[in-house]
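Subject: Structure for you to look at

Dear colleague,

Here is the structure you were to receive, with the sequence alongside. My notes on what was found follow below.

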Amino acid sequence: DGAIWLASDLHLGADMPATCEAFLAFLELAADNATALLLPGDIFDAWVGDDVTDAPPPWLADVLNGLRQCSKRIALWIGHGNRDFLMGDKLARSVGAQLLPDLVRIQAPGGAFLLCHGDELCTDDLAYQDFRRQVRGQAWQSAFLARPLAEREAIADGLRRDSQQAQQSKAEQVMDVNQLAVETLLRTHGTTRLIHGHTHRPDRHVFMLDDRRCERWVLPDWDLDSHSATRGGWMIADEDGLSINDIELAD
Ligand code: LP5
Ligand code: MN
């Protein structure tokens, strides 16, 4: 089998041109080198409904085309993050992708791993989990999607601002995954490896659980538009195991 490539937390949007461009180059690189590309969430800074693909703004048209070209060559999977959980079948079909379940077990050449966005594991962030329960509910989503596009975009902007504000008063540790939640997940699924994104703290954590060596890998977030520090990267799962690749080393 060939390599599986993974990336999350691109947070693509109109005001992220350099990140969009880097992502488009990455899609070509993935198609050249992998047999499957998995994107487990927060591909977009905000996704307010699949009808945006009816008349996409230029930046989005470019991204959708890049995804289409990629999916013609390798298997493409997109998953829900906390900002783009409204991505649906229409979008997936339009770019030739499949929707990833919120939690999935992937059989890679180097062994199995669990994959999720990661927000569900942040169980200490009670305010977020409360928010999540609401916006993931069917009733709330139908009501939201029934609103005009411009109104939805304004609500999303407001929520993004609220979120940034809320995070200022949260401890760093509260916004990380809860170790007990991680261990429960691994036990429940009888797996020793987990890959997730969301926390923007790319790393490999090794720990013992029931006498078994476990690994939790965190995908990097992308930002090539910030003036201070640019960052981004992806993971590779192949016969050698798992690894994280920094975008800076890419060309
Ligand atoms: O996104 P990020 O990484 O900065 O922060 C997340 C959590 N925040 C969120 C909110 C999103 O950023 C908002 C994006 C919305 C785009 C979707 C548009 C379509 C749906 C619209 C849905 C209404 O996920 C943040 C975490 C952080 O990760 C770390 O894990 O801390 O959580 C919060 O900031 C949530 C606040 O603590 C609580 C917000 C209360 C808002 C109350 C409204 C509830 C009812 C909504 C119904 C209108
Ligand atoms: Mn996220």
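**His 198 and the metal site**

His 198 lies in the loop between β7 and β8 (203-209). Please keep in mind throughout that this is a predicted model. The phi angle of His 198 is near 75°, a positive value in a residue other than glycine. With a relative accessible area of 16%, His 198 is buried, since the cut-off for that class is under 20%.

His 198 is also a ligand of the metal. The manganese ion (ligand 2) is coordinated by His 198 through ND1, together with Asp 42 (OD), Asn 82 (OD1) and His 117 (NE2), at 2.1 to 2.3 Å. Along the sequence, the spacing of these donor residues is D-x39-N-x34-H-x80-H. Asp 42 sits in the loop between β2 and α2 (58-73), and His 117 in the loop between β6 (111-116) and α4 (126-135), so this pair ties together parts that are 75 residues apart in sequence. Asp 42 counts as buried at 1% relative accessibility, and His 117 is buried as well, at 3%.

**Ligand 1**

Which residues come nearest to ligand 1? Of the 22 residues around ligand 1, they are Asn 82, Asp 125, Leu 159, Lys 170 and His 198. Two of these names, Asn 82 and His 198, also appear among the manganese donors.

Three side chains have an N or O atom close to an oxygen atom of the ligand. For Asn 82 the distance is 2.8 Å, for Arg 83 it is 2.8 Å, and for Asp 125 it is 2.6 Å. Taken alone, ligand 1 exposes 1,000 Å², and the protein buries 84% of that.

The elements that give two or more residues to the shell around ligand 1 are α4, α5 (138-145) and α6 (149-168). Helix α6 provides the largest share, 6 residues. Sorted by class, the shell has 13 nonpolar, 5 polar and 4 charged residues.

Helix α6 also holds Arg 160. Arg 160 counts as buried, at 16% relative accessibility. Its side chain makes a polar contact with the side chain of Asp 45, at 3.4 Å.

**Strands β6, β7 and β9**

The loop that carries His 198 follows on from β7. Strand β7 (residues 193-196) is covered on both faces: Arg 193 and Ile 195 are buried on one side, and Leu 194 and His 196 are buried on the other.

Strand β7 has pairings with β6 and β9. With β6, β7 runs parallel, and 3 bridges join the two; in this part of the model Cys 116 stands opposite His 196 of β7. With strand β9 (residues 212-218), β7 pairs in the parallel sense over 4 bridges. There, the bridge partner of Leu 194 is Arg 216 in β9.

**The open sheet**

In what order do the 6 strands of the open sheet come? The order is β4-β3-β2-β1-β10-β11, and the pairing is mixed. At the edges are β4 (98-99) and β11 (241-246), each of which pairs on one side only.

Strand β1 (residues 4-6) and strand β2 (residues 36-40) run parallel and are joined by 3 bridges. Ile 4 stands opposite Ala 36 in β2. The loop between β2 and α2 is the one that holds Asp 42, the manganese donor described above.

**Two further residues**

His 11 is in the loop between β1 and α1 (17-33). Is His 11 buried or exposed? His 11 is buried, with a relative accessible area of 7%. Its phi angle is near 55°, which is again a positive value in a residue other than glycine.

Gly 96 is found in the loop between α3 (89-95) and β4. At 44% relative accessibility, Gly 96 counts as partly exposed. Gly 96 and Cys 70 are 26 residues apart in sequence, and their C-alpha atoms are 8.7 Å apart in space.

Regards

Technical notes. Residues are numbered from 1 along each chain as its sequence is written. Chains are lettered from A and ligands numbered from 1 in the order in which they are written. This is a predicted model: local features need pLDDT of at least 70, side-chain atom pairs count only at pLDDT 80 or more; totals for chains, interfaces and linings use all residues. Side-chain values use heavy atoms; hydrogens and water are left out. Two strands pair if DSSP finds at least two bridges between them. Donors are N, O and S atoms within 2.8 Å of the metal (3.2 Å for Na, K and Ca); water is not among the atoms, so sites may look incomplete. Buried means under 20% relative accessible area, exposed over 50%, partly exposed in between (1.4 Å probe, protein chains only). A residue is near a molecule or strand if one of its heavy atoms lies within 4 Å of it. A polar contact is a pair of N or O atoms within 3.5 Å; within protein, one must be able to donate a hydrogen and the other to accept it, and residues adjacent in sequence count only if both atoms are side-chain atoms. Accessible areas come from the Shrake-Rupley method with a 1.4 Å probe; for residues, only the protein chains shown count as cover. Ala, Val, Leu, Ile, Met, Phe, Trp, Tyr, Cys and Pro count as nonpolar, Asp, Glu, Lys and Arg as charged, and the others, Gly among them, as polar.
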